[in-house]
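Here's a quick tour of the model in front of you. Keep the viewer open and follow along, section by section.

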Amino acid sequence: MKFSCPRCNSPHIVDRHQGRSVCGSVGIVAGSAGGAAGAWSGSQAGAMAGAFAGPVGIAVGGLTGAVFGALAGGAAGGVAGARFGSELDERVLDNLECCDCGHTFRTQSA
Ligand SMILES: [Zn+2]
């Protein structure tokens, strides 16, 4: 893939990837919120399963369920956010930048 700057015709073009990083962070935050909800239901389910083993089983089951619920929710959110940001990069945002004049432009705009 060879691009040149539409303003100064320079071949020194870099990818910006700003949508991906921003949306990745947003996705992790959103995922963590989902993870918190997952942690709550996970701890409920874990405590219920652990109840057969008595008080210790409830504590261990609840903790394990909470950790797994939170991790799964956070990871899923981060991945979905990064994917969405990558799409945004390609379709909406100016995703290329000229190193010589600082002009930003889109891949398809040429
Ligand atoms: Zn330029």
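## Val67 and its patch

Val67 sits in helix α2, which covers residues 55-91. Helices here are DSSP runs of H or I with at least four residues, strands are E runs of at least two, and both are numbered from the N terminus. With a relative accessibility of 46%, Val67 counts as partly exposed. That label is for values between buried (under 20% relative accessible area) and exposed (over 50%), using a 1.4 Å probe and protein chains only.

Val67 also joins Leu63 and Leu71 in a nonpolar surface patch, and together they have about 320 Å² of accessible area. Patch members need over 30% relative accessible area and no salt bridge; nonpolar side chains (Val, Leu, Ile, Met, Phe, Trp, Tyr) are joined within 5 Å, like charges within 9 Å. A salt bridge means a side-chain nitrogen of Lys or Arg within 4 Å of a carboxyl oxygen of Asp or Glu. The areas are Shrake-Rupley values with a 1.4 Å probe, and for residues only the protein chains shown count as cover.

## How far to trust it

This is a predicted model: local features need pLDDT of at least 70 and side-chain atom pairs 80 or more, while totals for chains, interfaces and linings use all residues. Residues are numbered from 1 along each chain as its sequence is written, and side-chain values use heavy atoms, leaving out hydrogens and water.

The protein chain averages a pLDDT (the predictor's per-residue confidence, from 0 to 100) of 78, and 84% of the residues score at least 70. Confidence bottoms out in helix α1 (residues 18-50), with a mean of 74, and peaks in β2 at 87.

## Overall layout

The protein chain has two helices and three strands, arranged along the sequence as β-α-α-β-β. Of its 110 residues, 31% count as buried.

Ala45 belongs to helix α1 and, at 45% relative accessibility, counts as partly exposed. From Ala45 to Ile58 it's 13 residues in sequence and 9.6 Å in space, C-alpha to C-alpha.

## The zinc site

Which atoms hold the zinc ion? The SG atoms of Cys5, Cys8, Cys98 and Cys101 coordinate the zinc ion at 2.3 to 2.4 Å. Their spacing along the chain reads C-x2-C-x89-C-x2-C. Cys5, in the segment before β1 (13-15), and Cys98, in strand β2 (residues 96-98), are 93 residues apart, so the pair links distant parts of the chain. Both Cys5 and Cys98 are buried.

Donors are N, O and S atoms within 2.8 Å of the metal (3.2 Å for Na, K and Ca). The four donor atoms subtend angles of 105 to 116 degrees at the zinc ion, so the arrangement is tetrahedral, a label that requires all angles to lie between 85 and 135 degrees.

Conventions
Four donors count as tetrahedral if all angles lie between 85 and 135 degrees; four count as square planar and six as octahedral if opposite donors are over 155 degrees apart and all others between 65 and 115; anything else is irregular.
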